[in-house]
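This report describes the fold, the helices and the aromatic contacts of one protein chain. Please keep the sequence and the model at hand while reading.

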Amino acid sequence: MSCLTTVALSLTMFLVGLVGPIQAQLQMNFYANTCPNAEKIVQDFVSNHISNAPSLAAALLRMHFHDCFVRGCDGSVLINSTSGNAERDAAPNLTVRGFGFIDAIKAVLEAQCPGIVSCADIIALASRDAIVFTGGPSWSVPTGRRDGRISNASEALANIPPPTSNFTNLQTLFANQGLDLKDLVLLSGAHTIGVSHCSSFTNRLYNFTGRGDQDPALDSEYAANLKSRKCPSLNDNTTIVEMDPGSRKTFDLSYYQLLIKRRGLFQSDSALTTNPTTLSNINQILKGSVNGFFSEFAKSMEKMGRINVKTGSAGVVRKQCSVANS
């Protein structure tokens with residue numbers, strides 16, 4: 001082979017290398033030709049069922065978050081493991097709900113367009129649609145994600161920010177995913193809807209530093225109320241508590257108002273007020289309108305939905321979301 005031929009071949013391979021990733025990026029209406037009704041099928045399913053279980057909106061949003069923070073948005077949080085070591089077996093995911101809901105949507109899509117729509121895209125679309133149908137913000141969801149086949153509990157434990165996080169831990173875990181402090185504040189705003197279990201925060205009430213004490217950063221009146229009416233002991237693992245009391249069904253600014261009053265439920269909520277940048281972001285949100293918050297939240301959701309996505313020849317389309325090699 002001549003030098004000229006070698007150079008030409010190298011240049012061709014280089015150009016192919018450039019074109020490949022560009023073609024493989026997420027795009028709006030990715031399934032327009034292969035499954036034209038895909039997004040409407042998801043939307044209709046959510047519309048027809050979310051009214052029967054509106055709390056699923058927060059659950060699906062949480063699932064999307066937990067999925068994207070481990071190996072990117074690749075649907076790996078959905079995988080079942082016979083040995084109990086998949087992502088959904090990790091402590092942060094033991095209270096994640098909505099697996100059956102995603103499986104049901106997948107079944108409808110498989111009947112219409114076998115092997116076309118990824119489980120990762122279903123999570124992204126369904127979480128957005130559920131929030132919209134319960135009165136929350138909308139955001140663009142470009143599609144074309146492929147599914148992963150690897151799901152490790154240890155990776156979920158290492159990468160999903162726990163509710164006991166301090167500011168440094170939050171900053172690090174978000175930065176690891178390419179998310180900045182503004183994204184941290186905005187995405188935490190999802191705590192304006194939904195519920196938690198006492199076990200996620202009772203250390204703040206009963207044993208904050210291991211000496212049977214209470215977190216001094218938590219408003220004392222709020223803490224007393226939680227102790228007397230919600231979580232009477234450190235070992236309560238079943239009681240459900242609103243993350244945004246009195247407003248848990250409404251996507252609004254109430255969560256941020258509570259943070260300023262030192263009434264954020266989790267230590268990770270309280271941590272947002274300990275840094276001047278995030279505190280400033282909170283105050284800016286509160287000075288604005290709900291629509292302004294919706295717009296900024298949408299930008300961070302779109303950004304999160306692109307974390308380490310698998311596209312093109314990377315990844316697969318699993319026919320059963322819970323089975324790695326389906």
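## Buried aromatic residues between two helices

The model described here is a predicted one. Within it, Phe45 and Phe101 are both buried; they belong to a structure that holds 13 aromatic pairs. The ring centres of Phe45 and Phe101 are 5.2 Å apart and their planes stand at 70 degrees, so this pair counts as edge-to-face. Because Phe45 lies in helix α2 (residues 38–49) and Phe101 in helix α4 (residues 99–112), the pair ties together parts that are 56 residues apart in sequence.

Phe101 has a relative accessibility of 10%, which is under the 20% limit, and therefore counts as buried. Leaving aside neighbours within four places in sequence, the contacts of Phe101 are Phe45, Val46, His49, Leu56 and Leu60. For one of these, Val46, the C-alpha atom is separated by 8.9 Å from that of Phe101, although the two residues are 55 apart along the chain.

## Overall fold

The protein contains 14 helices and 2 strands. Its radius of gyration is 21 Å, close to the 20 Å that the globule rule gives for 326 residues, so the protein is as compact as a globular protein of that length. Along the principal axes, the C-alpha atoms fill a box of roughly 80 × 45 × 45 Å.

Of the 326 residues, 47% count as buried, while the protein exposes about 15100 Å², of which carbon and sulfur atoms supply 53%. When contacts between residues at least 6 apart in sequence are considered, 76% of them join residues at least 24 apart.

## Helix α14 and its surroundings

Helix α14 (residues 290–304) has 15 residues, and the distance from its first C-alpha to its last is 21 Å, close to the 21 Å expected at 1.5 Å a residue. Its buried residues are Phe293, Phe294, Phe297, Ala298, Ser300, Met301 and Met304. An α-helix has 3.6 residues a turn, so residues three or four places apart point the same way. The partners against which the buried residues of α14 pack are α3 (56–68), α8 (181–188), α11 (254–260) and α13 (276–287).

Two residues of this helix can be followed in detail. Ser300, which lies in α14, has a relative accessibility of 2% and so counts as buried; apart from neighbours within four places in sequence, Ser300 is in contact with Asp183, Leu186 and Leu187. Ala298, also placed in α14, is buried with a relative accessible area of 7%, and beyond neighbours within four places in sequence Ala298 is in contact with Ser138 and Trp139. The C-alpha atoms of Ala298 and Ser138 are separated by 6.5 Å, although these residues are 160 apart along the chain.

## Further aromatic contacts

Three of the buried phenylalanines of α14, namely Phe293, Phe294 and Phe297, also take part in a cluster of aromatic residues. Ring pairs link them with Trp139, Phe251, Tyr255 and Tyr256. Trp139 is thus a member of this cluster and a contact of Ala298.

A charge and a ring meet elsewhere in the model: the charged end of Arg88 sits over the ring of Phe99, 3.8 Å from the centre of that ring.

## Helix α5 and residues with positive phi

Helix α5 (residues 119–133) has 15 residues and reaches 21 Å from its first C-alpha to its last, close to the 21 Å expected at 1.5 Å a residue. This helix is mostly covered, with 13 of its 15 residues buried. Just after α5, Gly135 takes a positive phi of about 95 degrees.

Positive phi values also occur at residues that are not glycine. Asn29, in the loop between α1 (3–23) and α2, has a positive phi of about 55 degrees and is partly exposed, with a relative accessible area of 47%. Arg262, placed in the loop between α11 and α12 (267–271), has a positive phi of about 65 degrees, and its relative accessibility of 39% makes Arg262 count as partly exposed.

Note on methods. Residues are numbered from 1 along each chain as its sequence is written. This is a predicted model: local features need pLDDT of at least 70, side-chain atom pairs count only at pLDDT 80 or more; totals for chains, interfaces and linings use all residues. Side-chain values use heavy atoms; hydrogens and water are left out. Rings of Phe, Tyr and Trp (its six-membered ring) pair if their centres lie within 6.5 Å; planes under 30 degrees apart count as stacked, over 60 as edge-to-face and the rest as tilted. Helices (H or I, at least four residues) and strands (E, at least two) are DSSP runs, numbered from the N terminus. Buried means under 20% relative accessible area, exposed over 50%, partly exposed in between (1.4 Å probe, protein chains only). A charge sits over a ring if NZ of Lys or CZ of Arg is within 6 Å of the ring centre and within 35 degrees of the ring normal. The radius of gyration is taken over C-alpha atoms; the globule rule is 2.2 Å times the number of residues to the power 0.38. Contact means heavy atoms within 4.5 Å. Accessible areas come from the Shrake-Rupley method with a 1.4 Å probe; for residues, only the protein chains shown count as cover. The expected span of a helix is 1.5 Å times one less than its number of residues.
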